[in-house]
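Q: Could you take me through one strand of this model, step by step? I would like to know what lies on either side of this strand and how enclosed the strand is.

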Amino acid sequence: MITVTRLMTGVPQMATQEVVSLVPKTTPSELELAGRAAAEAFKSWKKTTVLSRQRVMFELQALIRANMDRLAESITLEQGKTLPDAHGDVLRGLQVVEHACSIPSLLMGEQLPVSKDMDTYTIRQPLGVVGGIMPFNFPAMIPLWVFPLAIACGNTCIIKPSERDPGAMMILAELAQKAGVPKGVLNVVHGAADTVNFICDYPAIKAISFVGSDHAGKYIFQRGTQNGKRVQANLGAKNHGVIMPDANKNHTLNSVIGAAFGAAGQRCMALSTIVFVGKSREWVSELIERAKTLKVSSGFEDGVDLGPVISKQAKERILELIQSAVDEGAKLVLDGRGLKMTNPSCEKGNFIGPTILDGVKPHMRCYKEEIFGPVLVCMEAETLEEAIEVINNNPYGNGTAIFTNSGSVARKFSEEIDVGQVGINVPIPVPLPMFSFTGSRGSIIGDMNFYGKTGVQ
């Protein structure tokens, strides 16, 4: 008889701090079992026809669509984002599953007659076991960026959801089983550093997908690649929005408010920095007034615009960065600290109101570090060229946007900017699944991307 001591961690509701579920720490023996199960299942799963795997994707997308409310409620309960935002989380993941339904076309190889009696052709073969180390901020979307395409290509998966909000991934695993994914093809493990190290080290795992912090991403990339694995690591970001004087003011300010403060700023594509060019500087006061109207409370309440941040530690770090900006000379023109909650049940929640820092300079910590909270940093530039220089000098390159009515200005910006995703009057330019989510410079390590053609390859 084997006795296992089960270590459980409470998962609190971020709006109230009440424990709503328990997540187990996967033991070393259980990790080994998951690894063996995935490796064994790969032997038969890779031999299934692409049409059989396509049928599973059809079933999975239908089940996710039918369970969107259940998934969204789990996300709001554990992660804290508003219900509409949680529905968006699920929807953007669902779009990748729908794209995976075209897997027969995506896996087509190439053929060419190279001489009178010889053809050369390529075929796409599955890698083996794929590991996924998932972030807390999109508990449904990011896993759905990983395991459906991996499974559709004939691989098996071991997914580690964030220990802070694992509920959505557990629901997705249940739906995958109902869709016809065989035992061992999709495995879910829990834990922190030991589980991450297992995924980086286990010989049968051939590739790893990761989204998260710089420190963790660099560690996972180094350890995984040293063990001969393909590693796709998307790291931090400092996304800039450039506002030109000729932009549509109403559209621009509404876009900035949603992109900066939506999901409490906990998005790797959040528009966390605004560069006002020329006379657009005069719009700051109106931006502040619009931010003041945002409602902060539990994500389950009607009309709420942003919920809590993910933890007490995250809140303390955000508050510390706000204070550092003030100490370094920035102007705190909208202070979201010390927010008084009207809902008594939310008094212990990790809430910060919309915060705007003006007069920020590149040397300040609030600019150099990713804040990952509802804090908007405002800077100034005299010309478009100066704004482009500011962005290209920043070490990150995940996403950016420019607001303008000039086609030539938009063209110049898109050609000269060194950033992965570029939006023209689009505040959060996340590509649809037929393209790939990219990034550049400090926001990505390696040369592989999520979904799209490169995600399949």
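A: Let's start with the neighbours. In this predicted model, strand S10 (residues 239-243) and strand S16 (residues 399-403) run parallel, and four bridges join them. To find one of these contacts in the viewer, look for Val 242: its bridge partner in S16 is Ile 402.

Now turn to strand S17 (residues 421-424), which also pairs with S16. This pairing is parallel too, and it runs over four bridges. Here you meet Ile 402 again, since this residue stands opposite Ile 424 in S17. Ile 402 is thus a handy landmark, with Val 242 as its bridge partner and Ile 424 opposite it in S17.

How does the chain get from S16 to S17? Helix H15 (residues 407-416) belongs to the route: S16, H15 and S17 together make a right-handed β-α-β unit.

Next, let's see how enclosed S16 is. Buried here means a relative accessible area under 20%. Five of the five residues of S16 are buried, so this strand is largely enclosed by the rest of the structure. You can check this one face at a time. On one side of S16 sit Gly 399, Ala 401 and Phe 403, and each of them is buried. On the other side are Thr 400 and Ile 402, and these are buried as well. Both faces of S16 are therefore covered, as the buried residues on each side show.

For a contrast, try Gly 258 in helix H10 (residues 249-261). Gly 258 is partly exposed, with a relative accessible area of 35%.

Note on methods: Residues numbered from 1 in each chain as written. Predicted model: local features only at pLDDT ≥ 70, side-chain atom pairs only at ≥ 80, totals over all residues. Heavy atoms only, no water. Helix = DSSP H or I, 4+ residues; strand = E, 2+ residues; numbered from the N terminus. Buried < 20%, exposed > 50% of the residue type's maximum accessible area, 1.4 Å probe, protein only. Pairing = 2+ DSSP bridges. Right-handed = clockwise from strand over helix to strand, strands pointing away.
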